[in-house]
Amino acid sequence: MVINAGSATVKFAVYDVAGGGDGGRATHRGIAELNADGARFSVVNERGAMVVDQPIDIESSRSIDIQALLDYSLQWLKRCFAASLTAFGHRVVHGGDAFGEPILLNDQVLAQLESYVPLAPLHQPYNLAAIRAIQRLWPNIPQVACFDTAFHLTQPRLARMFGLPIEYFDDGVQRYGFHGLSYEFIASVLPNYLGDLANGRVIVAHLGSGASLCAMRERRSVATTMGFTALDGLLMGTRCGAIDPGVILHFLIEKKLSAEQITDLLYRRSGLLGVSGFSADMRELLESDSPRAAEAIALFVYGAARQIGGLIAALGGLDALIFTGGIGSHSAAIRQRICESSAWSGIHLDSAANVAHGPRISATDSAVSVWALLTDEEQIIAGHTLKLASNGVVSPTHP
């Protein structure tokens with residue numbers, strides 16, 4: 001069972017460990033999510049047929065809502081799969097510089113992961129809440145944490161440094177990068193699409209409500225746009241992206257905002273939502289005729305193209321550009337605009353292929369190979385979980 005618990009959703013996937021592949025075969029995928037109408041729970045099977053699709057009645061407090069989503073999901077899983085559960089794998093956003101590989105969870109590991117909550121306040125608390133809830137329901141079933149930061153630990157020291165006194169770097173103030181599980185999956189499938197070019201100079205654009213870019217060489221991370229926290233880099237759904245630190249000082253000193261108010265502003269009220277004034281959803285913005293929506297889209301595209309240019313410099317050139325994530329995989333309009341802004345690098349888009357979502361969307365005469373690929377973080381987590389938990393402990397276990 002793979003669990004990805006966030007601030008407004010609980011996603012899960014059920015894998016048959018005898019079903020082939022590194023992590024087995026996904027038999028069910030589900031999501032419990034908050035929306036404008038309250039909350040909803042849905043599950044599809046491996047054929048894409050809807051198994052469950054129903055509203056969830058929960059209380060109005062946001063913190064209670066999230067816990068209710070988690071409880072509802074786990075109770076459904078318990079009713080349907082309790083007798084055959086073998087292991088749980090979790091997406092954990094922050095592993096610091098201590099966890100470069102997935103790890104079996106215990107109280108000591110959990111305590112260390114708790115210390116990273118201030119570095120990922122939108123994600124880490126919910127990741128850990130899911131782990132603890134499962135401990136209560138299934139205390140004898142192993143759990144594995146897989147980290148979004150781990151993929152980027154291959155970056156050179158200079159790529160991870162800030163221009164601060166060096167003792168801060170040694171104390172953990174450094175660029176970590178995120179979306180690593182998505183990048184790990186894309187790196188694993190690149191040879192299927194790019195052949196020998198997979199080990200060349202590749203930029204992967206993970207574009208969704210959270211968005212970042214990763215420069216790869218030999219399918220390893222050498223630079224990324226997110227940094228110490230998941231605020232840095234690209235404009236996102238509700239996050240500001242890169243910002244002059246002097247703006248934060250201005251908020252503190254001149255505007256007299258508290259740390260809590262600034263945190264709320266930067267994480268929850270900025271990005272596409274803040275610029276447009278009404279939505280963090282790129283689909284809604286693209287359908288809108290609002291000038292502010294148009295400006296939010298333009299700022300998103302401008303920032304992505306500008307930072308792609310920076311990563312090309314870090315790589316010394318570009319062989320392939322990969323789009324993934326909710327926006328990257330599904331929005332032909334955003335891909336087209338970013339590629340047009342990056343045409344100086346040799347990108348030449350095939351418009352028909354782009355509208356058809358590829359997978360290859362570059363023209364035959366393009367100097368850079370461009371692709372739209374689906375990512376699958378859950379498959380990566382399932383593979384790591386099976387490998388670690390199979391060390392003599394995976395067998396069907398009743399709670």
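Start by selecting Gln 174, in the loop between helix H5 (166-170) and helix H6 (180-194). Keep in mind that this is a predicted model.

**Stop 1: Gln 174**

Is Gln 174 buried or exposed? Its relative accessible area is 2%. Buried means under 20%, so Gln 174 counts as buried.

Next, show polar contacts. The side chain of Gln 174 reaches the backbone oxygen of Phe 169, at 3.3 Å.

Now display the surroundings. Leaving out residues up to four places away in sequence, Gln 174 touches Asp 97, Arg 160, Phe 162, Phe 169, Gly 227 and Phe 228. Phe 169 therefore appears twice here, in the polar contact and in the list of touching residues.

**Stop 2: strand E10**

Move to residues 211-217, which make up strand E10. How many of its seven residues are buried? Six are, and the strand is mostly covered.

**Stop 3: the E9 side**

Add residues 201-207, strand E9. E9 and E10 run antiparallel and are joined by seven bridges. To check one pairing, pick Val 204 and look across to Cys 214, its bridge partner in E10. Then trace the connection: a hairpin of three residues leads from E9 to E10.

**Stop 4: the E11 side**

Select residues 220-224 for strand E11. This strand is also antiparallel to E10, with four bridges between them. Arg 217 stands opposite Arg 220 in E11.

Finish at the turn. The E10-E11 hairpin has two residues between its strands. One residue in the turn, Glu 218, has a positive phi of about 55°.

Note on methods. Residues are numbered from 1 along each chain as its sequence is written. This is a predicted model: local features need pLDDT of at least 70, side-chain atom pairs count only at pLDDT 80 or more; totals for chains, interfaces and linings use all residues. Side-chain values use heavy atoms; hydrogens and water are left out. Buried means under 20% relative accessible area, exposed over 50%, partly exposed in between (1.4 Å probe, protein chains only). Two strands pair if DSSP finds at least two bridges between them. A polar contact is a pair of N or O atoms within 3.5 Å; within protein, one must be able to donate a hydrogen and the other to accept it, and residues adjacent in sequence count only if both atoms are side-chain atoms. Contact means heavy atoms within 4.5 Å.
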